[in-house]
Amino acid sequence: MQSIKHVFMVFVMVAVCMVWLLPAHTDEFTEEDLKRWEQEFMAVVDEGEKLFHSSKLGGNTVSCDQCHPNATNTHPETYPKFQKQIGKVVMLFEMINWCIENPLEGKTLDADDPKMIALQAYVTYERRGVKLEPGKH
Ligand code: HEC
């Protein structure tokens, strides 16, 4: 009896290990998927870069790059954080809207506006590899 239990326990342990060790590939993506998604992502980053250099985004021909060349001092890795201009903890897009409304004298964009997504993709991509530090000043 004891040995049947033993065999059963070993069987269960082996089964559990097999499930754990199943190759992570089960629901992985193909090379084609990865390539296509990368292309889609980079197209949005490129769009963001164009907008960042565009004098048409706001209402006064000023562009983001005049104050943030190459997305410097945009610090996407520090969001969400308290921003004194807005007086509360905000997300990156809200601070971008602050710059669109104030220095650029333009109309704010919705969070899911493709232009806002592109701007965020660009500034975040420029800071890739930088460690996340939400809340940091
Ligand atoms: C006339 C100069 C000027 C222009 C043009 C400008 N900004 Fe800013 N930007 C600022 C200033 C000033 C701040 C506030 C810095 C602070 O207190 O963090 C700021 C802050 C930011 C921040 C937050 C930085 C941080 O450290 O948290 C982001 C993101 C940002 N700007 C993006 C943009 C984008 C995108 C555009 C174009 C739509 C833009 N800015 C245009 C001057 C500018």
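**Ligand shell, helix packing and local backbone features**

In the shell around the ligand, α4 is the main contributor: the largest share, 5 residues, comes from this helix. The model discussed here is a predicted one. There are 19 residues around the ligand, and those that come nearest are Cys-64, Cys-67, His-75, Cys-99 and Pro-103. Looking at whole elements, two or more residues of the shell are supplied by each of α3 (64-67), α4 and α5. Sorted by class, the shell comes out as 13 nonpolar and 6 polar residues, with no charged ones.

Stepping back to the overall layout, the protein is built from 5 helices and 2 strands. Along the sequence these elements run in the pattern α-α-α-β-β-α-α, so to speak the backbone plan of the chain. Burial is reached by 17% of the 137 residues. As for how the chain comes back on itself, take the contacts between residues at least 6 apart in sequence: 60% of them join residues at least 24 apart.

Back to α4, which covers residues 92-101. Its buried residues are Leu-92, Phe-93, Met-95, Ile-96, Asn-97 and Ile-100. What do the buried residues of α4 pack against? Their partners are the two strands, β1 (81-83) and β2 (88-90), together with helix α5.

The α4 and α5 pairing can be put in geometric terms, since two packed helices are described by the angle between their axes and the distance between the axes. Here α5 spans residues 114-126, and the two helices pack at about 105 degrees with axes 10 Å apart. An angle from 65 to 115 degrees counts as roughly perpendicular, and α4 and α5 are therefore roughly perpendicular to each other. On the α4 side the contact uses Leu-92, Phe-93 and Ile-96, and these meet Met-116, Leu-119 and Gln-120 of α5. In class terms, that contact holds 5 nonpolar residues and 1 polar residue, and no charged ones.

Helix α5 also packs against α2, which runs over residues 31-52; the axes of this pair come within 7 Å and cross at roughly 95 degrees. By the angle criterion used above, α2 and α5 are therefore roughly perpendicular to each other as well. From α2 the contact draws on Val-44, Val-45, Glu-47, Gly-48, Glu-49, Leu-51 and Phe-52, while α5 brings in Lys-115, Ile-117, Ala-118, Leu-119, Ala-121, Tyr-122 and Tyr-125. Charged residues do turn up in this one: the tally is 10 nonpolar, 1 polar and 3 charged.

Several of these names return in the largest nonpolar core, which has 17 residues; Phe-52, Leu-92, Ile-96, Leu-119 and Tyr-122 are the members that touch the most others. The elements giving two or more residues to this core are α4 and α5, and α5 gives the most, with 6 residues. Leu-119 is a handy residue to click on here. Setting aside neighbours within four places in sequence, Leu-119 is in contact with Gly-48, Leu-51, Phe-52 and Ile-96.

The loops have a few points of their own. Thr-108 sits in the loop between α4 and α5. Is Thr-108 buried, exposed or partly exposed? With 14 C-beta neighbours inside 10 Å, Thr-108 counts as partly exposed. Beyond its neighbours within four places in sequence, Thr-108 is in contact with Asn-97, Ile-100 and Glu-101. For the Asn-97 partner, 11 residues away along the chain, the C-alpha atoms of the pair are separated by 5.1 Å.

The loop between α3 and β1 holds Pro-80, and the bond joining Tyr-79 to Pro-80 is a cis peptide bond, with omega at about -5 degrees. Ala-71 is found in the loop between α3 and β1 too. Its phi is near 65 degrees, a positive value in a residue other than glycine. Ala-71 counts as buried because 20 C-beta neighbours lie inside 10 Å.

Thr-61 is another non-glycine residue with a positive phi, here about 65 degrees. This threonine lies in the loop between α2 and α3. Thr-61 has 12 C-beta neighbours inside 10 Å and so counts as exposed.

Notes
Residues are numbered from 1 along each chain as its sequence is written. This is a predicted model: local features need pLDDT of at least 70, side-chain atom pairs count only at pLDDT 80 or more; totals for chains, interfaces and linings use all residues. Axes are lines fitted to C-alpha atoms, for helices over the stretch in contact, and angles run from 0 to 180 degrees between N-to-C directions. Helices (H or I, at least four residues) and strands (E, at least two) are DSSP runs, numbered from the N terminus. Angles under 35 degrees count as roughly parallel, over 145 as roughly antiparallel, 65 to 115 as roughly perpendicular and the rest as oblique. Two residues are in contact if their C-beta atoms, placed from the backbone, lie within 7 Å. Ala, Val, Leu, Ile, Met, Phe, Trp, Tyr, Cys and Pro count as nonpolar, Asp, Glu, Lys and Arg as charged, and the others, Gly among them, as polar. A residue is near a molecule or strand if its C-beta atom, placed from the backbone, lies within 6 Å of it. A nonpolar core is a set of buried Ala, Val, Leu, Ile, Met, Phe, Trp, Tyr and Cys residues joined through C-beta atoms within 7 Å.
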